[in-house]
Amino acid sequence: MRLIKLISINLILISCAVTGRGVEKPPCDDCRSGQAPDFEIKINRVYNETKENLALDSGFLIGVLPALNVVAISPEKCDYCHSFSESAIEFSFAAKEDSILTARFPNNERILLFPGSRVPEKDSAEFWNAFANLREIPLNENKELKEFLEKLSLRYKTRYLAFASYIEITIKDKKTFDWESEWSLWDARKGELLIWDYRNVTAKSKNSAPVDREWATVFFKEP
């Protein structure tokens with residue numbers, strides 16, 4: 001297991017799959033069929049830690065950070081991988097993340113701190129330095145990270161912060177993919193970890209439909 005005690009509000013995903021080489025192909029016949037995959041899910045490892053009786057103070061903003069590390073892997077020769085890419089994964093994950101935060105915390109507006117994953121120059125060095133040791137130091141023990149999150153929340157006037165520290169999707173073949181993600185929600189003012197969610201699963205389609213957009217939603221549940 002990867003030692004990144006952080007979290008990945010795992011959430012979601014993509015369209016058909018990827019060339020990943022920068023050139024998008026048109027959808028194949030199977031993709032156009034519209035048949036939804038019926039997945040059998042194998043849970044390799046799933047962990048969730050949520051603060052007991054968790055409720056956010058009403059009216060405070062939830063600042064959402066870009067995913068820190070996104071990896072998209074597909075077969076070298078793939079006639080069904082059309083729009084699978086790091087950016088597609090992050091976009092779909094963010095959409096699912098937003099829907100979950102909205103449903104779970106309706107009285108807390110969400111704001112994307114760095115649209116387009118572009119960290120402002122004035123924050124960039126400090127931002128990446130703060131997150132540099134996440135693989136070695138568990139989230140709740142990372143003093144530098146807690147201090148930075150508190151500083152970030154004050155700078156952008158957001159009480160809470162959410163981010164995916166790691167998302168990796170591997171398309172193994174036309175019917176099978178691996179998913180690994182880690183996500184967390186913080187009370188940044190207090191340096192308190194509210195939700196930590198880690199998921200590592202393998203999904204295999206039981207019918208003839210290839211992997212398709214939003215297929216990750218079949219196993220992602222609200223933490």
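Is the crossing of α3 and α4 left-handed or right-handed? In this predicted model, the crossing of these two helices is left-handed, and the sections below set that pair within the chain before turning to individual residues.

## Overall architecture

The protein comprises four helices and seven strands, which follow one another from the N terminus in the order α-β-β-β-α-β-α-α-β-β-β. Of its 223 residues, 50% count as buried, and the surface that the protein exposes amounts to about 11,000 Å², with carbon and sulfur atoms supplying 48% of that area.

When contacts between residues at least 6 apart in sequence are considered, 79% of them join residues that are at least 24 apart.

## The packing of α3 against α4

Helix α3, spanning residues 121-131, packs with helix α4, spanning residues 143-155, at an angle of about 150°, and the axes of the two helices lie 8 Å apart. Because angles over 145 degrees count as roughly antiparallel, α3 is roughly antiparallel to α4. The contact draws on Lys122, Asp123, Glu126, Phe127, Asn129, Ala130 and Phe131 from α3, and on Glu144, Leu145, Phe148, Leu149, Lys151 and Arg155 from α4. Sorted by character, the residues of this contact comprise six nonpolar, one polar and six charged.

The loop between α3 and α4 contains Asn140, which counts as partly exposed because its relative accessibility is 44%. Once its neighbours within four places in sequence are left aside, Asn140 is in contact with Lys146 and Leu193. Asn140 also has a C-alpha to C-alpha distance of 7.6 Å to Glu192, although these two residues are 52 residues apart in sequence.

## Two loop residues with positive phi

Most residues other than glycine have a negative phi. Asn53, however, has a phi near 55°, a positive value in a residue other than glycine, and Lys157 likewise has a positive phi near 55° without being a glycine.

Asn53 is placed in the loop between β1 (39-50) and β2 (62-64), where its relative accessible area of 73% makes Asn53 exposed. Lys157 belongs to the loop between α4 and β5 (160-173), and with a relative accessible area of 62% Lys157 is exposed.

## Glu109 and its partners distant in sequence

Glu109 is situated in the loop between α2 (86-104) and β4 (110-112), and it counts as exposed because its relative accessibility is 55%, the cut-off for that class being over 50%. If residues up to four places away in sequence are not counted, Glu109 touches Phe60, Leu61 and Ile62. For one of these partners, Ile62, the separation from Glu109 is 47 residues in sequence but 6.1 Å in space, taken from C-alpha to C-alpha.

## A buried position in β7

Which strand holds Val201? Val201 is in strand β7, which covers residues 192-205. Its relative accessibility is 2%, so Val201 counts as buried, given that buried means under 20% relative accessible area. Between Val201 and Ser181, which are 20 residues apart along the chain, the C-alpha atoms are separated by 9.4 Å.

Terms used
Residues numbered from 1 in each chain as written. Predicted model: local features only at pLDDT ≥ 70, side-chain atom pairs only at ≥ 80, totals over all residues. Heavy atoms only, no water. Buried < 20%, exposed > 50% of the residue type's maximum accessible area, 1.4 Å probe, protein only. Contact = heavy atoms within 4.5 Å. Areas by Shrake-Rupley, 256 points an atom, 1.4 Å probe, with all protein chains shown as cover. Axes fitted to C-alpha atoms, helices over the stretch in contact; angles between N-to-C directions. Parallel < 35°, antiparallel > 145°, perpendicular 65-115°, else oblique. Left-handed = near helix turned anticlockwise from the far one by under 90°. Nonpolar A, V, L, I, M, F, W, Y, C, P; charged D, E, K, R; others polar.
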